[in-house]
Amino acid sequence: MEEMEEELKCPVCGSFYREPIILPCSHNICQACARNILVQTPESESPQSRRASGSGVSDYDYLDLDKMSLYSEADSGYGSYGGFASAPTTPCQKSPNGVRVFPPAMPPPPTHLSPALAPVPRNSCITCPQCHRSLILDDRGLRGFPKNRVLEGVIDRYQQSKAAALKCQLCEKAPKEATVMCEQCDVFYCDPCRLRCHPPRGPLAKHRLVPPAQGRVSRRLSPRKVSTCTDHELENHSMYCVQCKMPVCYQCLEEGKHSSHEVKALGAMWKLHKSQLSQALNGLSDRAKEAKEFLVQLRNMVQQIQENSVEFEACLVAQCDALIDALNRRKAQLLARVNKEHEHKLKVVRDQISHCTVKLRQTTGLMEYCLEVIKENDPSGFLQISDALIRRVHLTEDQWGKGTLTPRMTTDFDLSLDNSPLLQSIHQLDFVQMKASSPVPATPILQLEECCTHNNSATLSWKQPPLSAVPAEGYILELDDGNGGQFREVYVGKETMCTVDGLHFNSTYNARVKAFNKTGVSQYSKTLVLQTSEVAWFAFDPGSAHSDIIFSNDNLTVTCSSYDDRVVLGKTGFSKGVHYWELTVDRYDNHPDPAFGVARMDVMKDVMLGKDDKAWAITEGGITKGATIGVLLDLNRKTLTFFINDEQQGPIAFENVEGLFFPAVSLNRNVQVTLHTGLPVPDFYSSRASIA
């Protein structure tokens, strides 16, 4: 019963209907509320003025909703009236039910008149507060709308069923609360009285017992009100017009208002419509039963969802914890490398501190000794040792000036953590179902005509398929290690072209690319095979050289006018294979001491090559003007060999040479050298290496 209460309340005042009337749109409204929401239209727009102008509107045009009513265009509470030039501009307000209604357009009627008899302003309009259809009233005003007597009876029964407490009618003293009602006996029983006075056996076994509330509703607690005709208030409804779908009286038929309409007996149509409503209720009852079962299913789903959520969250936490554990293990490994580099740097710096301390002690001792010698007054004795002391002082000064006061180790760590692929993977970490909600990009296509290699660099270009409808947010380029090993990411970004430097010479690389977006990654493209140069062609690198180095001949010839040593590197680095290059001495005077060899990228540029742990070089042994120095770097055997004028200088100069190395030269005192690259490995060395 409680669910029905909203059907019994007026959408304007929010209370139970009082004298409800039926609007042409089939919605109900209190008669007093209908008067409150009336809006007056201009005189020129009234039905009388329209009839006077020859429009031919009948007295009953108010029943034609399609011609007289329109929806409010913006749900603003204002009615728009078809066929009229203007609309009222009365502001709207909200009822307790949230429906927009109009305030009273006119002063309230005199208190001595009932709402039904109070005069209605001429040319008034009413708008349904539920569907917002508007209607202009005729001369009858609100009396032209039929009263909903059935709704009044339902409200009366509902209010009476709620007002009185349902007590047992057979209790002798204090009546107990009734638990059932017998429809045949029309008596309310409590449980003890039902067992005593209405046992479920014999003739009483066929009686129908219902809950008290249902039994209260089934009672007719108030007499039925007889519905009268709206046009003839003294006449009762006796017939039903099928076309107008409304009850009519005998006098309506006499006046000929429904002469061409099909008219049937009121009782027959009453039974027919009751039967139709019952059949419709049967279908609705089935739907309500299905809805109740569906609600039970949904409540069971709530419990199941909560249980599954706890289990799934535990699984997700375990998976994330496994990733965190793996990251922590990798973190420990990386920290071990950092600690190793840290210990190495400290060892180099401490060794240099020890060396400088010893040398500073010797220098200080020499200075103190010279000062004491200067104090001597014996000229002959002083002159006997002065030349030697002067040479020692100059030699000691030279030793301090050749990079001794430059740190052999930088404070920066030469380690850069490449965490971008992992961060990208973390950002792309998602549930498979979420990734499948939108498609991944199409597989990129490598553009073979734009892909090439130069020296130990490779340039690759790719594009999306022409008919691809899914955009890509970026691309991932992968190359193997040049030996058919595992692929590794060398580029991640939005560009469709990339040049990869630092590859091995005389090596075959496999390249592939894939696209990605927020959903996931595409398939790999076809694999492209790239071959790097057999020999290296390169020049000196002005970008990494000391500022005192002078370049010429397309950076193949270098010189230096500084008295101190200055280092210059080649542009190409080597970490694999056998490589050979030569340098010719174009100018050699003023007693220079050039050095030739290899070095790491972070070698000191103002110290003779080979004086720190970042370079390996040859500094003596027949280097004169016009000499040709050959450098043979065999990273397969991890050796470094030097040649002067095609003669090997010793068996092997350095062993255990491993890592990335650049050709290097240190110059001073106007010495000038020219670099020659692209040279094959000497034949005798190649044959020796093949025999080994």
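Visitor: Which residues form one aromatic cluster here?

Guide: That would be Phe505, Phe538, Phe574 and Trp581. Keep in mind that you're looking at a predicted model.

Visitor: What makes Tyr580 and Phe643 an aromatic pair?

Guide: Their ring centres are 6.0 Å apart, and rings pair if their centres lie within 6.5 Å, so these two count as a pair. The structure holds nine aromatic pairs.

Visitor: And why is this pair called edge-to-face?

Guide: Look at the planes: there are 80 degrees between them. Over 60 counts as edge-to-face, so the name fits Tyr580 and Phe643.

Visitor: Where in the chain do Tyr580 and Phe643 sit?

Guide: Tyr580 is in strand β25 (residues 578-587), while Phe643 is in strand β29 (residues 639-644). They're 63 residues apart, so the pair links distant parts of the chain.

Visitor: How do you know whether Tyr580 and Phe643 are buried or exposed?

Guide: Check the relative accessible area. Tyr580 has 9% and Phe643 has 2%. Buried means under 20%, so both Tyr580 and Phe643 are buried.

Visitor: Let's turn to charges. What makes Arg208 and Glu183 a salt bridge?

Guide: The closest N and O atoms are 2.7 Å apart. The cut-off is within 4 Å, so Arg208 and Glu183 pass. In general, side chains of opposite charge can pair when their charged atoms come close.

Visitor: Which parts of the chain do Arg208 and Glu183 come from?

Guide: Arg208 is in the loop between α5 (191-197) and β10 (209-210). Glu183 is in the loop between β8 (180-182) and β9 (187-189). They're 25 residues apart.

Visitor: Why does Arg208 count as partly exposed?

Guide: Arg208 has 43% relative accessibility. Partly exposed covers what's between under 20% and over 50%, so that's where Arg208 lands. Glu183, at 32%, is partly exposed too.

Visitor: How many salt bridges does the structure hold?

Guide: There are 14. One of them joins Asp191 and Arg194, with the closest N and O atoms 4.0 Å apart.

Visitor: What separates Asp191 and Arg194 along helix α5?

Guide: About one helical turn, because they're three residues apart. As a rule, an α-helix has 3.6 residues a turn, so residues three or four places apart point the same way.

Visitor: Which residues are linked with Arg566 in a network of salt bridges?

Guide: Asp548 and Asp564 are linked with Arg566 in that network. The side chains of Asp564 and Arg566 meet at 4.0 Å, N to O. Asp564 is partly exposed at 34%, whereas Arg566, at 11%, counts as buried.

Visitor: What makes you say that the charged end of Lys359 sits over the ring of Trp400?

Guide: The charged end of Lys359 is 5.4 Å from the ring centre of Trp400. The distance cut-off is within 6 Å, and the charge must also be within 35 degrees of the ring normal. Lys359 is among the buried residues of helix α8 (residues 266-374).

Visitor: What do the buried residues of α8 pack against?

Guide: They pack against β11 (237-241), β13 (263-265) and α9 (379-401).

Visitor: Which residues make the nonpolar surface patch of about 440 Å²?

Guide: Phe294, Leu295, Leu298, Met301 and Ile305 do. Take Leu295, which lies in helix α8. Its relative accessible area is 40%, and patch residues need over 30%, so Leu295 meets that condition.

Technical notes: Residues numbered from 1 in each chain as written. Predicted model: local features only at pLDDT ≥ 70, side-chain atom pairs only at ≥ 80, totals over all residues. Heavy atoms only, no water. Buried < 20%, exposed > 50% of the residue type's maximum accessible area, 1.4 Å probe, protein only. Helix = DSSP H or I, 4+ residues; strand = E, 2+ residues; numbered from the N terminus. Contact = heavy atoms within 4.5 Å. Phe/Tyr/Trp six-rings, centres within 6.5 Å; stacked < 30°, edge-to-face > 60°. Patch = residues over 30% accessible without salt bridge, like charges linked within 9 Å, V, L, I, M, F, W, Y side chains within 5 Å. Areas by Shrake-Rupley, 256 points an atom, 1.4 Å probe, with all protein chains shown as cover.
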